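Hi,

Here is the structure I said I would pass on. Have a look at it first, and then read my notes below.

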Amino acid sequence: MNTIYKSFALFLSLMIISCTNHDIVEKVTGRELLEHSKNHYDPDGMWSGSTLSIHIQEPRLGNPARNSVLKINKQDSIFELICEIEVGTVTRIIEKGEPRILLNGRESIPAEIKSDFGLTADRNSRYQQFYEIMYGLPMSLNEEILDSIHIPVLKEFNGEPEYELDITLKEPVISAEWSLIISASDFQLKAIILKHEDKEDELIEFAGKYSFQGLQMPRFRHWYSYNTGQYKGSDIILKTLN
């Protein structure tokens, strides 16, 4: 009887703990949930002053060999993206708000090449916005970026309990309407659903970890059609650059 009683008491205790934790998680607000996720990756708040310099691979169905070098210096307000295109090496730079674009190390680019390949400095801000937000997730989702945060909903994603948190961005990054999929157990950002009005929604799944300067970010970002599950491409951090 004593053994049965102990087993029942242990079972009851676990049920109480489980229910208590569930209630706590259920009542979390959208802002609190987002802060929990930020703390998972950046417990000491290092992102705002960090320096990121990485080699990334960005295979797409139409361009499987695509590679880039990404440099983000948050403290000194410097952004740099280097990639190879048909006519050579393109370097997009924004330094303290001033945009520049180089082709094979030169700022003098023929007008025809500029037009054919979109090599104009006025596009740099869009590249900066995309890369700094995407590679800074979830830390990059701050008050300057966010227009609204909705009430999180507890759901199941890939067989695990996760939160779906709808947010609206002030300026679209691929889309203005996002759904964040956040783990209910440790607050990892598992995926993002990008919602569109005029085409299929997109799903970005995150995996792996890349650590630098006291913080972490997902190493892999895999893109899919949300409705069909068709693979579209990936963004992969290959290595740190000196």
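Before the first contact, one term: a salt bridge here is a side-chain nitrogen of Lys or Arg within 4 Å of a carboxyl oxygen of Asp or Glu. Arg60 and Asp235 fit that description, with their closest N and O atoms 2.8 Å apart. This pair connects distant parts of the chain, 175 residues apart: Arg60 is in the loop between strand 1 (51–57) and strand 2 (67–73), while Asp235 belongs to strand 15 (residues 231–240). Arg60 is partly exposed at 22% relative accessibility, whereas Asp235 is buried at 2%.

Please keep in mind that this is a predicted model, and that every value here is computed from it.

**The overall picture**

The protein has 242 residues, and 40% of them count as buried. Its secondary structure comes to four helices and 15 strands. How much of the contact map is long-range? Of the contacts with a separation of 6 or more, 44% are between residues 24 or more positions apart.

**More salt bridges**

A search of the whole structure turns up nine salt bridges. Besides the one above, two others are good to look at.

Glu202 and Lys232 meet through their side chains, at 2.9 Å from N to O. Glu202 sits in strand 11 (residues 202–207) and Lys232 in strand 15, so this salt bridge ties together parts that are 30 residues apart in sequence. Here the acidic partner is the buried one: Glu202 has 6% relative accessibility, while Lys232, at 34%, is partly exposed.

Glu35 and Lys38 make a local salt bridge, at 3.6 Å from N to O. Why can these two meet within one helix? Both are in helix 2 (residues 30–41), and because they are three residues apart there, about one helical turn separates them. Glu35 is partly exposed at 41% relative accessibility, but Lys38 is buried at 13%.

**The core**

In soluble globular proteins, nonpolar side chains tend to be buried together. In this model, the largest nonpolar core has 45 residues, and the members that touch the most others are Leu70, Tyr135, Leu141, Trp178 and Leu180. If you want one residue to start from, try Leu180. Leaving out neighbours within four places in sequence, Leu180 is in contact with Leu34, Leu141, Tyr163, Glu164, Leu165, Ile167, Leu189, Ala191 and Ile192.

**A buried arginine**

Arg92 is worth a click too. It is found in strand 4 (residues 88–95). Is Arg92 buried or exposed? Arg92 has a relative accessible area of 3%, which is under the 20% cut-off, so it counts as buried. What does Arg92 touch, once residues up to four places away in sequence are set aside? The list is Phe79, Glu80, Leu81, Arg100, Ile101, Gly118, Leu119, Thr120, Arg123, Asn124 and Tyr127. Ser125 is 33 residues from Arg92 in sequence, and their C-alpha atoms are 9.4 Å apart.

**The largest pocket**

The largest pocket has a volume of about 340 Å³. Its lining is made of 15 residues, and those nearest its centre are Lys74, Ser140, Asn142, Glu144 and Ile145. Which helix gives the largest share of the lining? That is helix 4, with four residues. Helix 4 (124–135) and strand 8 (160–173) each supply at least two lining residues. By type, the lining has three nonpolar, six polar and six charged residues.

**Backbone oddities**

Most residues other than glycine have a negative phi, and most peptide bonds are trans. Three places in this model go the other way:

- The peptide bond from Leu137 to Pro138 is cis, with omega near -5 degrees. Pro138 is in the loop between helix 4 and strand 6 (146–149).
- Ser77 has a positive phi, near 55 degrees. Ser77 lies in the loop between strand 2 and strand 3 (78–85) and is partly exposed, at 40% relative accessibility.
- Asn104 also has a positive phi, of about 55 degrees, although it is not a glycine. Asn104 is in the loop between strand 5 (98–103) and helix 3 (111–117) and is partly exposed, with a relative accessible area of 47%.

That's it from me. Happy browsing!

Terms used. Residues numbered from 1 in each chain as written. Predicted model: local features only at pLDDT ≥ 70, side-chain atom pairs only at ≥ 80, totals over all residues. Heavy atoms only, no water. Buried < 20%, exposed > 50% of the residue type's maximum accessible area, 1.4 Å probe, protein only. 1 Å grid on protein atoms, 1.4 Å probe; cavity = no way out; pocket = protein on both sides within 12 Å on 5 of 7 lines; lining within 4 Å. Points joined across faces, edges and corners; volume = space filled by probe spheres on them. Nonpolar A, V, L, I, M, F, W, Y, C, P; charged D, E, K, R; others polar. Core = buried A, V, L, I, M, F, W, Y, C linked by side-chain atoms within 4.5 Å. Contact = heavy atoms within 4.5 Å.
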